[in-house]
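Let's take a walk through this chain, from the overall build down to a few individual residues. Have the viewer open as you read.

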Amino acid sequence: MTINLSKNIVGSGVLSLSAGIAACSGSAGAMAPAALLLLLIGGVSAYSFSLLARVGEENGTGSYRETWAKLFGERSARLVDATIVIECMCAAVSFAIIIGDTFSAVAALCGAPPPLLRPNAWIVALSALVLLPLCLLRDLGSLAFGSVLGTGGTLFTAGFMLFRALDGSYAPGGRFFGALGEAGRPHFGGGSSAGPLSACILVSLVANAFLAHYNAPTMYRQLAPPPRAGASAKLALFNRVVAGGFGLACLVSAAMMTAGFATFGAASGGLILNNYAVGDSLATLARLGVGLSIIFSYPLNFVGLREGLLSLLGWQARAARRTVHAGATVLLLGAMNGLALVVKDLGALAAFSGAIVGSALIYVFPAAMFLQSARRRRAREFVVEAGTGAGALPRIKRREVAANWMLGGLGVVLAVVGGAVAAKGW
């Protein structure tokens, strides 16, 4: 499960991290602080991921939404539904952008005719011919091999980026330096012209890269407990899985973030693969791997989007109807991929998603659920102690309560400030 968690975490968001450093500074010295920030946010994200499982175990719930509904009421659970739907929407648009950019770059290397060199042509063609049939499938079990493909593509891309950062191919005088346009050539030095708030862009991008929290209660429920062990032993095992999964994701993300920035510096783009020369055969393989991985990941994300939106509309009972299933699929696919024909800045989209959705799902909502659960637990303690004075439940640690108040407050600040800065970038 450690590897599965790591695969769940490391997705398309990692391709925008180098642009986050460039948004803060063009200096090579910015890589070390950025890597430390990534590790810090990764640690906090791992804590809140584990916290969701702990709160779910304490309240006997098995999903993110179910935990919220039990603690705050069914009506307010629509807020969680809406947040997850927005995350799925942002992911769908991001996937379509990557598909268009990667396959148009591959087409350019193959000497394809001019119409096939435009990203929008690939978005339209693959949406109609590949993505729509896949998203119409009722059973996505046949796409399981896409998970293996995605892992292989991500690891190859990480290795390729590290290799290019070390071999000097894109440095002045390198064999690919002359193939880059003036704006895309590596350059270093100086700070960001966007001011100190530009650091919020990097924080938002990193938050988006670690966003997998809506799966935490489900993964905990699926984890087989140790033989003849109680809930505490299962939580301890889950915490080891979380530490391993997030630790591996931190290493891969930090490697790709620093390798991309070490190669291109302040010229690092929102989709770092676009920085590499079209004639770079290793970059072409990386693009193909990422592009194919995205194609088979798209339907899995799309299911969450379609079911979440139908749930918000109160149409769960109608979802099984063929007309509703097909109609919702066509309309949503057209809307999301239609946006990708206009929205082209993957970095800005990832930053906005991380600031608003990431802050909510990683910081604000888990902290709120923990604090509400702690409040109810303290109320139960008071009743027991006021009765017989025996059998009182363990007290919630005051430091963890204070830490979660800070975590929730930090999430609100990041959502407001980071969202504003990201929106301004558009």
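**A walk through the helices**

Of the 426 residues in the chain, 50% are buried (under 20% relative accessible area with a 1.4 Å probe, protein chains only; over 50% is exposed, and in between is partly exposed). Keep in mind that this is a predicted model, where local features need pLDDT of at least 70 and side-chain atom pairs count only at pLDDT 80 or more, while totals for chains, interfaces and linings use all residues. Residues are numbered from 1 along each chain as its sequence is written, and side-chain values use heavy atoms, with hydrogens and water left out.

Start with the overall build. The chain has 14 helices and 0 strands (DSSP runs numbered from the N terminus: H or I of at least four residues for helices, E of at least two for strands). Take the contacts (heavy atoms within 4.5 Å) between residues at least 6 apart in sequence: 80% of them join residues at least 24 apart.

Now for a helix pair. The axes of α2 (residues 17-24) and α8 (residues 199-209) come within 7 Å and cross at roughly 165 degrees; these axes are lines fitted to C-alpha atoms over the stretch in contact, with angles running from 0 to 180 degrees between N-to-C directions. That makes α2 roughly antiparallel to α8 (the label for angles over 145 degrees). On the α2 side, L17, A19, G20, I21, A23 and C24 do the meeting, and their partners in α8 are A199, I201, L202, L205, V206 and A209. Sort the residues of this contact and you get 11 nonpolar, 1 polar and no charged (Ala, Val, Leu, Ile, Met, Phe, Trp, Tyr, Cys and Pro are nonpolar, Asp, Glu, Lys and Arg charged, the others, Gly among them, polar).

What about the interior? The largest nonpolar core (buried Ala, Val, Leu, Ile, Met, Phe, Trp, Tyr and Cys residues joined through side-chain atoms within 4.5 Å) has 112 residues, and L15, F49, F210, Y276 and Y298 touch the most other members. Pick out Y298: leaving aside neighbours within four places in sequence, Y298 is in contact with A92, F95, L131, C135, L333, M336 and N337.

Two more stops. In α4 (residues 64-72), Y64, T67, W68, A69 and L71 are buried, and just after α4, G73 takes a positive phi of about 105 degrees. Over in α7 (residues 145-167) you'll find G159, which is partly exposed, with a relative accessible area of 35%. G159 and V252 are 93 residues apart in sequence, yet 9.5 Å apart in space, C-alpha to C-alpha.

Notes: Angles under 35 degrees count as roughly parallel, over 145 as roughly antiparallel, 65 to 115 as roughly perpendicular and the rest as oblique.
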